[in-house]
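Please walk through this chain with the model open beside you. Start at one residue, then work outward.

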Amino acid sequence: MANQRALPQSKESLLQNYNKRLKDDIRSILDNLTEIIKTAKVEDETQVSRATQAEQDHYEMHVRAANIVRAGESLMKLVSDLKQFLILNDFPSVNEAISLQNQQLRSLQEECDKKLTSLRDEIAIDLYELEEEYYSSRYK
């Protein structure tokens, strides 16, 4: 970014917090997915029966899948927070939008003023002609 400005400490810490949340959630998704894949491998005979081991693996996969969903929801919340941060803290673009709107409204006001002045002049001319006609007629 060519126009980098120094952010206040609170904004800087907030951005660091967003970055940390992003890394933690991505790491959580990756770790849980890796563990699900490891759990899916069929191992040799152990001291635990196959049915018990399958049930334990099934439960572990559900817990890890829930962790992945939680991390995904956290990422969606992070995206929402970032959008809100951008909207609330992007003062140059907000000021530019306000200036543009102000400029458009001023030009519309000038156009309306010109039309009203023109209309006033036409009405004054017509009124003058009507007065002349009235005062010069025999009905006055």
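**From one serine outward**

Ser-28 sits in helix H1. The model is predicted. Is Ser-28 buried or exposed? Its relative accessibility is 15%, so Ser-28 counts as buried, because buried means under 20% relative accessible area. Which residues does Ser-28 touch, once its neighbours within four places in sequence are set aside? Its contacts are Asn-67, Arg-70 and Ala-71.

Now step back to the whole chain. The secondary structure comes to three helices and zero strands. Along the sequence, the pattern reads α-α-α. Of the 140 residues in the chain, 9% are buried. Ser-28, at 15% relative accessibility, belongs to the buried class. The accessible surface of the chain is about 12,200 Å². Carbon and sulfur atoms account for 58% of that surface. Next, take the contacts between residues at least 6 apart in sequence: 81% of them join residues at least 24 apart.

Aromatic rings come next. How many aromatic pairs does a search of the whole structure find? It finds two. In one of them, the ring centres of Tyr-18 and Phe-85 are 6.1 Å apart and the planes stand at 85 degrees, so this pair is edge-to-face. Planes over 60 degrees apart count as edge-to-face. Tyr-18 belongs to helix H1 and Phe-85 to helix H2 (residues 50-89), so the pair ties together parts that are 67 residues apart in sequence. Both partners are shielded by the buried criterion: Tyr-18 has 9% relative accessibility and counts as buried, and Phe-85 has 14% and counts as buried.

Tyr-134 and Tyr-135 form another edge-to-face aromatic pair. Their rings are 5.3 Å apart, centre to centre, with 70 degrees between the planes. Tyr-134 is partly exposed at 42% relative accessibility. Tyr-135 is exposed, at 55%.

Turn to the charged side chains. Side chains of opposite charge can pair when their charged atoms come close. Eight salt bridges turn up in a search of the whole structure. One of them joins Asp-24 to Lys-20, with the closest N and O atoms 2.8 Å apart. Why are Asp-24 and Lys-20 separated by about one helical turn? They are four residues apart in helix H1 (residues 9-40), which means about one turn lies between them. Asp-24 is partly exposed, with 30% relative accessibility. The pairing also extends further: Lys-20, Asp-24 and Arg-27 are linked in a network of salt bridges.

Helix H1 also holds Glu-35 and Lys-38, three residues apart, about one turn of the helix. These two form a salt bridge, and their closest N and O atoms are 3.5 Å apart. Glu-35 is partly exposed, with a relative accessible area of 24%. Lys-38 is partly exposed at 48%.

Finally, look at helix H3 (residues 91-136), where Leu-119 is placed. Leu-119 has a relative accessible area of 45% and is partly exposed. Which residues make a nonpolar surface patch with Leu-119? They are Leu-116 and Ile-123, and the patch covers about 300 Å². Next in sequence numbering come Arg-120 and Asp-121, whose side chains meet in a salt bridge at 3.3 Å, N to O. Arg-120 is exposed, with a relative accessible area of 54%, whereas Asp-121 is partly exposed at 37%.

Technical notes. Residues are numbered from 1 along each chain as its sequence is written. This is a predicted model: local features need pLDDT of at least 70, side-chain atom pairs count only at pLDDT 80 or more; totals for chains, interfaces and linings use all residues. Side-chain values use heavy atoms; hydrogens and water are left out. Patches are made of residues with over 30% relative accessible area and no salt bridge: like charges are joined within 9 Å, nonpolar side chains (Val, Leu, Ile, Met, Phe, Trp, Tyr) within 5 Å. Accessible areas come from the Shrake-Rupley method with a 1.4 Å probe; for residues, only the protein chains shown count as cover. A salt bridge is a side-chain nitrogen of Lys or Arg within 4 Å of a carboxyl oxygen of Asp or Glu. Helices (H or I, at least four residues) and strands (E, at least two) are DSSP runs, numbered from the N terminus. Buried means under 20% relative accessible area, exposed over 50%, partly exposed in between (1.4 Å probe, protein chains only). Contact means heavy atoms within 4.5 Å. Rings of Phe, Tyr and Trp (its six-membered ring) pair if their centres lie within 6.5 Å; planes under 30 degrees apart count as stacked, over 60 as edge-to-face and the rest as tilted.
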